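The exercises below concern charged side chains and a metal site. Each task is followed by a solution that goes step by step.

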Amino acid sequence: MTLRRVGDPRAVRAAIVDATLTDGARVDVLLEGEQILGVGPGAGAQAESRLDAAGGLLLPTYVDTHVHLDKALIRDQLVEHDGTLQGAIGAIHAAKRAYDVEDVRRRARAVIESSVLTGTTRLRSHVDVDTVGGLVPLEGVLAAARDCAGIAEVQVIAFPQEGILRDRGAGDLMVAAMENGATVVGGMPHWETGEDDQREHVRLCFEIAARFDADVDMHVDETDDGSVRTLAMVVEETERRGWQGRVTVGHVCSLSAADDAYAGTVIAGCLRAGITVVSNPVTNLVIQGRADRGLVRRGTTRVRELIAAGVPVAFGQDCVKDGFYPFGRGDMLEVALVSAHAAHLATVDEQHLALAAVTTVPAAAWRLGPAYGVALGARADLQLYAATNWPEVMRLQDPPRQVWFRGRPVARTTVTRELLQG
Ligand SMILES: [Zn+2]
């Protein structure tokens with residue numbers, strides 16, 4: 001057992017007794033204030049209160065590093081469309097024009113709360129910044145983040161959903177968003193018309209990032225067209241600006257449709273530039289490949305090849321019952337399961353890659369370092385399951401029994417099932 005004094009000596013000590021870690025070790029975890037003070041057999045002996053984990057799996061809480069809180073839960077207000085990305089963006093316009101801050105705040109808050117109940121306490125939300133909705137979506141999501149500060153941590157990305165060159169005025173609004181609470185610069189270069197504008201879009205995003213010393217997290221190549229090259233543009237700009245380790249790219253669907261030579265080169269570039277890839281299979285399985293007949297592409301990027309090359313791959317929820325995707329509830333356990341199906345992650349080791357994709361990989365992209373994890377000195381953002389190992393947790397899909405944020409219990413779920421005949 002390792003034991004070290006950290007934090008306020010007057011803080012209450014609580015213990016989670018007899019929990020199982022991902023490596024199979026059975027331990028007690030001692031919490032003091034918002035930190036983990038001890039991990040090991042017998043570490044709970046000094047606690048003032050104890051929770052018996054009964055051998056259940058104890059994980060750090062999930063990090064959903066790609067979600068759209070501003071447009072969540074608007075599905076019922078929209079007219080049905082053709083199901084494509086273009087159709088969804090258009091269908092949302094009327095709703096986006098009519099948003100008010102309180103409406104966005106209420107919907108975003110509902111998704112944050114639903115996420116916490118299912119074990120996520122860190123969310124990075126893209127928020128539309130464009131001439132359709134102005135800064136209303138940003139104000140609403142920031143208000144929800146403040147409302148929920150006691151149960152979760154929310155980062156906000158200034159996301160030019162309508163383009164920057166196609167939507168004149170969006171660039172100035174992105175700067176205003178960064179001045180008013182957004183902390184990460186988004187982008188969507190493939191949405192521009194032609195390679196010159198795509199390259200200029202990438203350049204403008206990095207220029208804003210340099211001005212605010214901010215990380216970059218862009219939507220990249222969310223299309224079936226294997227000839228688009230904006231991922232290569234992002235790699236190039238990352239290296240030119242010295243932004244290695246500070247860039248995340250989301251979706252990257254068309255990499256699967258691209259030729260192997262390009263894929264190999266650009267994957268090596270991502271590794272060199274320290275870029276994290278976020279795949280969002282739950283949404284892209286619904287959106288992509290709609291024009292295909294016969295063998296239908298499903299929009300999941302080259303997850304296994306990226307991981308094999310050493311590129312960090314995270315999974316995100318992306319959408320929650322909006323114009324793009326009719327399902328979702330901020331449940332990263334569900335996201336891990338669907339993504340494992342989409343990316344052919346089936347062996348026990350591969351299933352643990354799905355776990356890493358919703359925990360340690362996004363935590364590294366956030367540069368949380370030793371503050372994250374079930375480890376001595378880490379912040380006590382934890383979740384406890386009834387099942388005793390990750391493959392069973394993922395297979396059974398029961399929510400965590402209890403969730404802790406900054407050392408405080410913030411959610412509890414009891415599942416009761418009874419066979420009435422037998
Ligand atoms: Zn997205």
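**Exercise 1.** Find the residues that are linked with Glu162 in a network of salt bridges, and then describe the pair that Glu162 forms with Lys96.

*Solution.* The network of salt bridges links Lys71, Lys96, Asp128, Asp130 and Glu162, where a salt bridge is a side-chain nitrogen of Lys or Arg within 4 Å of a carboxyl oxygen of Asp or Glu. This is a predicted model, in which local features need pLDDT of at least 70 and side-chain atom pairs count only at pLDDT 80 or more, while totals for chains, interfaces and linings use all residues. Residues are numbered from 1 along each chain as its sequence is written, and side-chain values use heavy atoms, with hydrogens and water left out.

Within this network, the closest N and O atoms of Glu162 and Lys96 are 2.9 Å apart. The pair links distant parts of the chain, since Glu162 is in the loop between β9 (153-159) and α4 (170-179) and Lys96 is in helix α1 (residues 85-98), 66 residues apart. Helices (H or I, at least four residues) and strands (E, at least two) are DSSP runs, numbered from the N terminus. Both Glu162 and Lys96 are buried; buried means under 20% relative accessible area, exposed over 50%, and partly exposed in between, with a 1.4 Å probe and protein chains only.

**Exercise 2.** Work out which strands are tied together by the salt bridge of Glu32 and Arg13, and contrast the setting of this pair with that of Glu392 and Arg395.

*Solution.* The side chains of Glu32 and Arg13 meet at 3.1 Å, N to O. Glu32 lies in strand β3 (residues 26-32) and Arg13 in strand β2 (residues 13-20), so this salt bridge ties together parts that are 19 residues apart in sequence. Glu32 is buried at 3% relative accessibility, and Arg13 is buried at 13%.

Glu392 and Arg395, by contrast, both lie in helix α13 (residues 390-396), three residues apart, about one turn of the helix. Their closest N and O atoms are 2.9 Å apart; Glu392 is partly exposed at 27%, whereas Arg395 is exposed at 56%.

**Exercise 3.** Identify the residues that coordinate the zinc ion.

*Solution.* The zinc ion is coordinated at 2.2 to 2.8 Å by His66, His68, His219 and His251, each through NE2, and by Asp318 through OD. Donors are N, O and S atoms within 2.8 Å of the metal (3.2 Å for Na, K and Ca), and water is not among the atoms, so sites may look incomplete. Of these residues, His66 in strand β7 (residues 62-67) and His251 in strand β12 (residues 247-251) are 185 residues apart. His66 is buried with a relative accessible area of 0%, and His251 is buried at 0%.
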